Structure formats: structure tokens, C-alpha cells
Amino acid sequence: MPHPRLIIHGGAGAISPSNLPYETYLLYASSLLKVNRSTTSRLAAGASALDAATEAVRMMEDNPLFNCGKGAVFTRDGGVELEASVMTTRHYHKRACAVVLLSHTKNPILLAKEMLVRGQTDGSGSSNGGGGDPSGGPGGAQGHCVLGGPTVEKLAQGWGLEMVEEKYFWTRKRWEQHRRGLGKGKEEAAGEDERYREGYWGDEEGWDGREYLPQGTVGCVVLDREGMMCVATSTGGLTNKLSGRIGDTPTIGAGFWAEEWWEECHRQMGVQAPLANLVPEGLRGVLGDCLTGLRGYEGLADDDLFDEKYEGKRRNSQIRAVAMSGTGNGDSFLRTAATRTAAAMARFQPSRSLDSAVREIAGSGGELQRSAGNRWGKTGEGEGGIIGIELVDGVAKIVADFNCGGMFRCWIDDEGAERVMVFKEEYSSKTLQDRW
């Protein structure tokens with residue numbers, strides 16, 4: 001059995017020592033370490049990857065430091081529209097579920113998880129598409145993987161999830177960020193929207209217009225002791241986005257991805273089987289139906305893991321798996337299908353590790369950056385990062401890269417040491433002096 005691993009991120013963007021003072025960085029670092037330690041303890045006690053990853057994200061949704069749940073950004077119309085998603089490598093029929101356009105579900109990640117788990121009771125061939133009662137019955141939303149707005153929030157209420165008034169998500173810093181972004185000053189912002197008037201006059205500290213406020217998604221990728229991986233993500237989206245906008249966080253293959261497959265044992269980290277190397281790549285898929293040695297690796301069905309008829313395959317193959325969560329400019333992740341593209345590179349390109357694939361997508365000069373064209377560095381397009389875990393023959397490797405100023409991330413390294421970083425190098429009180 002593999003050793004459990006995890007990595008979390010708290011957003012990425014134009015972060016620098018000038019807008020993230022060291023004292024402020026320590027607030028984020030301590031919050032991420034708290035999540036990391038709690039999740040690590042859960043895994044050590046035998047929690048599943050699904051339970052651990054979603055609980056880690058729930059903790060960040062409850063923390064107003066991050067752009068998700070409490071403390072999420074506002075739409076251009078002054079509302080809150082939250083998104084969350086979850087995906088596993090095995091054990092669940094749906095594999096992935098996402099929720100969008102939420103304004104009353106306290107923890108969107110728990111709703112995405114509920115849809116996934118309840119999907120196990122969805123049958124097939126029934127008149128309603130095989131799902132449960134849309135009013136909140138036992139099924140998982142009629143077999144759907146993505147739902148939004150009043151429909152899914154009605155399900156959330158029927159399933160017993162905690163619901164809140166929209167003003168719960170209000171924070172003074174985010175509200176002032178919203179109003180300044182529309183060219184309206186602090187004074188005009190005070191109590192302007194009836195939904196948040198009561199909250200504005202609290203004792204919360206305001207936003208000075210310079211301090212970095214996290215953008216993008218928060219996420220967690222976990223590998224449990226049974227070898228299952230799970231990725232969980234949650235976000236408020238882009239500041240002053242148009243109402244109704246859907247980002248990469250709930251879009252399968254854009255902002256998150258998880259999968260596993262069998263590889264023949266003689267294929268080491270992407271080296272094709274010898275016979276496959278003799279056949280032109282374009283013909284491998286066609287001839288591989290007759291000569292399985294040409295494929296080198298193939299998909300893994302969940303039931304195959306334990307089916308006795310696949311015992312021979314298990315003896316001659318190894319399981320390889322990847323899971324990723326992205327953060328940054330969501331529209332760029334959508335245009336590049338970022339996480340699924342990285343996974344496909346690792347799966348189908350010879351000698352390609354996930355670390356290499358993520359670097360090609362999210363690293364400096366990578367596909368995300370190239371997708372911005374001549375707008376790079378001007379509009380925020382293309383900026384972002386990806387965290388992930390790769391499992392090869394029972395050994396897991398933590399992966400992370402980004403192309404912008406910084407990405408908050410926390411993990412336990414191969415030596416068992418806690419790590420928390422925001423820049424490419426360690427941040428210390430001397431960094432500001434060294435850089436500027």
C-alpha cells in the first residue's frame with residue numbers, strides 16, 4: 001500500500017513582497033499549516049482521500065483569508081456565486097461532480113461531495129434518468145455530474161447541508177475590493193447594498209487597495225493508504241465577474257482532474273513496450289486491438305482492480321495515477337483544458353512524468369502563458385499554477401509549478417518535513433530587502 005500524501009494550495013496570482021508583507025504571509029502560512037496538519041492526522045487515522053480532501057477545502061471555505069466560501073469575491077452585480085468540485089481516481093460511478101452559482105450553501109465542497117457519494121445509488125434505465133428525487137431524495141441528482149443555482153441548492157437543503165443567508169459570505173475587504181474595481185470609492189461603498197448593509201458597519205479592517213487579496217481557487221490533492229486519489233477545489237471566481245459566469249473550477253478537465261490506468265511493468269516511466277516502438281504511432285491504436293503489446297498501457301476500470309479474471313494483468317502491470325488542482329485565471333485554464341492536457345501528456349507521451357507535464361502547462365513560458373498571446377502581463381490572462389500528485393508503482397511524488405508572481409502551497413516533503421511556500425524560493429523577512 002502507498003504512503004498517504006497530500007498537497008494544498010490557497011490561490012495564485014500577481015503576488016510579490018511589495019503587496020504581501022512578511023507578517024501577512026505568516027497569517028496565510030499558519031492557516032495552510034493548520035489545514036495540512038489536520039488533514040495529515042485524518043489520513044494517518046485511516047480517512048479516505050475523498051473525506052480528507054474535502055475536509056481540507058471545507059476548512060479553507062470557512063477561513064475569510066481565501067477566495068472561497070466566507071470571504072469570496074463579489075460579482076459585478078454585488079452578489080456571490082460560488083463553485084466547487086471533487087474528483088476521484090476510483091470507487092465512485094460519477095468520478096467527478098461539480099456545483100456552480102451557489103449563494104446559500106455554506107460549504108460548496110460538501111455539496112459536490114454529496115452529489116458524488118449519493119450518485120452510488122443512481123440506477124439506470126428509470127424514467128427520470130436513473131437518479132434520485134430532484135427534491136432531495138436518496139439519489140445523486142439524477143446521475144448528473146454538474147448542477148447549479150436554485151436546483152442544486154434545493155438538493156443541498158433536502159440533503160441536510162447547512163444553508164446560510166447571502167450576507168454570511170460578506171467581508172469588508174472583499175466588498176471594498178469589489179467597489180473600487182467598479183471605480184467607486186470607499187465612502188460610496190458603505191452600506192450601498194441592502195444585502196450587506198448590516199455587515200459593513202462592523203469592526204472588520206478595510207482594504208487599502210494595495211494589499212494582496214487571494215485570487216483563484218483553493219484546492220487539495222490527496223493520496224490515501226488504499227491508493228485512491230482525490231482532488232477537491234473551491235472558489236468564488238474572478239472579482240467583478242459577470243453574473244452567471246462559469247469558471248474552470250467546476251469544469252472537468254480544466255481546473256481539476258484525476259485518473260488512473262494500468263501500465264505494463266516493462267514500460268518504465270513512459271518508455272513504450274519494445275514492440276510498440278517498432279510500429280508508427282498513428283497505427284498503434286488500430287493494431288493494438290489485435291496486438292495488445294502495441295498499446296503499452298490502457299485505462300483502468302474500477303471493478304477491474306479486484307476482479308479475479310484480471311489477476312494475470314495485475315501480475316504483469318502496475319497502476320499509475322495522477323490528480324491535479326489548478327488555480328489562477330480560470331478562462332485560460334478553460335481554453336487549454338489545462339489539467340486534462342497535463343494528464344494526457346503524462347499518460348500518452350513516452351518518458352513524460354507528471355512533473356514535466358505540469359511544467360509544460362503551468363510553468364514559466366508554458367501553455368497557459370502562451371495562451372495569453374500578446375496580452376501576457378497586461379490583463380492577468382494565462383496566469384496560474386497547478387498542484388498535483390503522481391503515483392507510479394506505489395510511490396507518490398508531489399508536483400507543483402506556476403508562471404505568475406506566487407502560489408500559496410503547503411505539503412509534507414519526501415523527508416517528512418512540513419513545507420509552506422508562496423514564491424519559487426523560501427520567503428523570509430529578508431526577502432523584501434533582497435528583492436527590492
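Strand E1 (residues 5-13) pairs with strand E12 (residues 406-412) in the antiparallel sense over five bridges. Strands here are DSSP runs of E of at least two residues, and helices are runs of H or I of at least four, both numbered from the N terminus. Pairing requires at least two DSSP bridges between two strands. Glycine 13 stands opposite glycine 406 in E12.

The model is predicted: local features need pLDDT of at least 70, side-chain atom pairs count only at pLDDT 80 or more, and totals for chains, interfaces and linings use all residues. Residues are numbered from 1 along each chain as its sequence is written, and side-chain values use heavy atoms, with hydrogens and water left out.

E1 and E12 belong to an open sheet of eight strands. The order is E4-E3-E2-E6-E5-E1-E12-E13, with mixed pairing. Strand E4 (146-148) and strand E13 (418-421) stand at the edges with a single partner strand each, so one side of each lacks a neighbour in the sheet.

Helix H13 (residues 354-362) has as its buried residues (under 20% relative accessible area, 1.4 Å probe, protein chains only) Leu354, Asp355, Ala357, Val358, Ile361 and Ala362. These fall within an arc of 160° seen down the axis of H13, so they line one face of the helix. The arc is taken from the directions from the helix axis to the C-beta atoms. The cover over these residues includes strand E9 (317-328), helix H12 (338-348), helix H14 (367-371), strand E10 (384-392) and strand E11 (395-402). Contact means heavy atoms within 4.5 Å.

Key:
Buried < 20%, exposed > 50% of the residue type's maximum accessible area, 1.4 Å probe, protein only.
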